[in-house]
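Q: Please take a close look at the ligand site and describe what surrounds the ligand.

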Amino acid sequence: MRRSNKVKDIEFRELETWKEHYPLLNQLISMKEILWLNPNIEKFKTGMKKSPLTQEDVRDAEERLKRFAPYIAKVFPETKKMNGIIESPLTRIPSMKQSLEQNYQQPILGELLLKCDSHLPISGSIKARGGIYEVLKHAEKLALQHQLLTIQDDYSILDSERFRTFFSQYSIAVGSTGNLGLSIGIMSAKLGFHVTVHMSADAKQWKKDLLRNKNVNVIEYDSDYSKAVEEGRLQADADPACYFVDDENSNDLFLGYAVAASRLKKQLEELKITIDKNHPLFVYLPCGVGGGPGGIAFGLKLLYQDHVHCFFAEPTHSPCMLLGLMTGLHDKISVQDIGIDNVTDADGLAVGRPSGFVGKTIEPFLSGNYTVSDEQLYKLLKELIDTEGIHLEPSALAGMIGPIKLSKEGTDYLRRHNLTEKMSKGTHIIWGTGGNMVPEEMMMQYYQKGLNLTRG
Ligand SMILES: *Cc1c(COP(=O)(O)O)cnc(C)c1O
């Protein structure tokens, strides 16, 4: 409480000065949709000199996931056909592209693809990358320390009473708006850990029910995500056998997400899509606290360097990363500090204060950040079902409007980076971050909302 009051004081004195410095702040505060281009973007090679993380770190995460693959394949049969590698399809969406072009009266030059993290096995969202990775890393560390495992072993031995009894001496905790809780909860419980998920008020009932059915301890809060994380951290700190997955500061989550890049590269090659100097790649990533989109963007930059252009997408009511980057205050400012309510139906993105670690790490690499209204998300949700038969949750649609925004409002960026002439040979990837586990009835309500708004 004391900390947020302090920020409030600063806010009252400085908000007017900020508005002078950052004219876009006025539109942000009035919750209009905006596109912000990052003035601090650097050439990859110079940006990389500032990075606390390296290619080696990402490779290490990738190797660890390979070690666990035999275990994953054994305990989650749906991953068997991919040999225990948790990955999602990359698919062209030509009908949706046509519909976007018509509805927004804007041609989209280049190809449009959807990365279906909505269909990631185990927990049906982008969190099946970072969240599961961090739990596995912690489990491996404990088992190695106690000489129950060597990295040469076949990790399917972890699926045994011996290991479950061992892990049951330890607990794992996390604060979440829902999807991270699902990933951490499901994975931790499967290994045998005691696990507690601290859920913010945004979290959907079905997610809490599902976790409780899997023996996960769910604690509910009336407040938003930052509070749930804070409470979780406090409770976990009091117990030495408890490991806290810190969504706001975790290198491991970030690296788990970053592994997506090398997998995507392989998929692009299979589709015979070239990415190079004359064939730019644009990626649009829904952003909450920042770890998911940050990790993936970082991984992509390592592979494609200046040929990839990453944009984050946030709800108009929760533009925390945009605010942190624009003001350079990162986690020292929240959307509530400037009078924005952080109330959105995009529950996966309902975060008022961004990760400072992610903001600072991604700052030299990020092309820009835009906001999108909840109404827009519902309309896009309905349209994607009609045109392609793909079901995403509201949060996961935030990326979909990216190519339109960039084409309409980002011409400065395209010119500055010599991209204008190359757009027709480029590729746009929308990161579809979740949706496969949404109950059918709930999805129908979402669809109906989109339909009403379209007719409205
Ligand atoms: C969590 C989440 C995101 C964003 O990830 P962050 O790491 O919070 O930025 C995007 N979409 C969905 C569906 C999510 O659950």
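A: The ligand site

Of the 16 residues around the ligand (a heavy atom within 4 Å of it), those that come nearest are K127, N179, G290, G292 and T433. This is a predicted model, in which local features need pLDDT of at least 70 and side-chain atom pairs pLDDT 80 or more, while totals for chains, interfaces and linings use all residues. Residues are numbered from 1 along each chain as its sequence is written, and side-chain values use heavy atoms, without hydrogens and water.

Two contacts involve ligand oxygen: an N or O atom in the K127 side chain is 2.7 Å from an oxygen atom of the ligand, and a polar backbone atom of V289 is 3.0 Å from a ligand oxygen atom. On the nitrogen side, a ligand nitrogen atom lies 2.7 Å from a polar side-chain atom of T433. The ligand on its own has 380 Å² of accessible area (Shrake-Rupley method, 1.4 Å probe), and the protein covers 98% of this.

By class, the shell holds 8 polar residues, Gly counted among them, with 6 nonpolar and 2 charged. Helix 13 (residues 291-304; a DSSP run of H or I, at least four residues) gives the most to the shell, 3 residues. Domain 1 (15-53 + 80-122 + 254-455) and domain 2 (125-253) each supply at least three residues, with bounds from an automatic or database domain assignment.

Notes
Polar contact = N/O pair within 3.5 Å; in protein donor to acceptor, adjacent residues only side chain to side chain. Helix = DSSP H or I, 4+ residues; strand = E, 2+ residues; numbered from the N terminus.
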